[in-house]
Amino acid sequence: QGGRLAVLSPEGGIFATLAGRYSGAPNLEVFLKGHAGDMMRVGRLSRDAEHVDKPALTMGLAVQPEILRDIAGMPGFRGLGLLARTLFALPENTVGRRKVGADPIPQPVAAAYSSNLHALVLSLAEWTDPAVLPLTPDANALVLDIERQVEPRLAPGGAWAHIVDWGSKYTGAVVRIAGLLHLGEH
């Protein structure tokens, strides 16, 4: 797949694998390098070594909050930067207030979503190099505004001092999401 891989799951079993379920030792290299696109060498005992010039990894997991607490304590996950590269969302628990018998997604909405997603995937499938999306001067000014707001929060005693590893990658994550939304729209 040209160095591209996705892990999409409704569960968090991949974290146990990363923590060493099968090897006995954590191995986060593919996930760390797949985030940044850094060249990766893979050495195997039974095969010749291989390398991936520009790995690209996408992860989409729907896990319970307890799994997030567990991975925060797994050896190396924080210290090596895996947690800093992960975007989390913890929506409000609506159990007990959910609409029973909620209406299904309208067919035109589902069809438009499917069609647009299919077109987006096909338009990006043949890319071999990372896309370069230059920022307009206005967009660059907004990025600098975000950096100015975030930096003091990362200082000792700042609001994000306890998550400085994650917070230091916040601006980059915002820009990545903006790029993905741009690609999705255009």
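I began with leucine 181, which I located in helix α7, residues 170-185. Since the model is predicted, I kept its confidence scores at hand throughout. With a relative accessible area of 59%, leucine 181 counts as exposed, because the cut-off for that class is over 50%. I then looked for nonpolar company at the surface and found that Leu181, together with Leu87 and Ile177, makes a nonpolar patch of about 300 Å².

Next I turned to threonine 86, which sits in the loop between α3 (65-72) and α4 (107-125). Is threonine 86 buried or exposed? Its relative accessibility is 16%, so I entered threonine 86 as buried, the limit being under 20%. I also noted that a polar atom of the threonine 86 side chain lies 2.9 Å from the backbone oxygen of leucine 82.

For the chain as a whole, I counted 7 helices and 4 strands, and from the N terminus I read their order as β-α-α-β-β-β-α-α-α-α-α. Buried residues account for 15% of the 186 residues, and the accessible surface comes to about 13800 Å², with 59% of that area belonging to carbon and sulfur atoms. Taking contacts between residues at least 6 apart in sequence, I found that 58% join residues at least 24 apart. The C-alpha atoms fill a box of roughly 55 × 45 × 45 Å along the principal axes.

Last, I checked confidence: the mean pLDDT of the chain is 88, and 98% of the residues score at least 70. Among the elements, helix α5 (residues 137-154) has the highest mean, 97, and strand β2 (residues 40-42) the lowest, 83.

Methods:
Residues are numbered from 1 along each chain as its sequence is written. This is a predicted model: local features need pLDDT of at least 70, side-chain atom pairs count only at pLDDT 80 or more; totals for chains, interfaces and linings use all residues. Side-chain values use heavy atoms; hydrogens and water are left out. Helices (H or I, at least four residues) and strands (E, at least two) are DSSP runs, numbered from the N terminus. Buried means under 20% relative accessible area, exposed over 50%, partly exposed in between (1.4 Å probe, protein chains only). A polar contact is a pair of N or O atoms within 3.5 Å; within protein, one must be able to donate a hydrogen and the other to accept it, and residues adjacent in sequence count only if both atoms are side-chain atoms. pLDDT is the predictor's confidence in each residue, from 0 to 100. Patches are made of residues with over 30% relative accessible area and no salt bridge: like charges are joined within 9 Å, nonpolar side chains (Val, Leu, Ile, Met, Phe, Trp, Tyr) within 5 Å. Accessible areas come from the Shrake-Rupley method with a 1.4 Å probe; for residues, only the protein chains shown count as cover. A salt bridge is a side-chain nitrogen of Lys or Arg within 4 Å of a carboxyl oxygen of Asp or Glu. Contact means heavy atoms within 4.5 Å.
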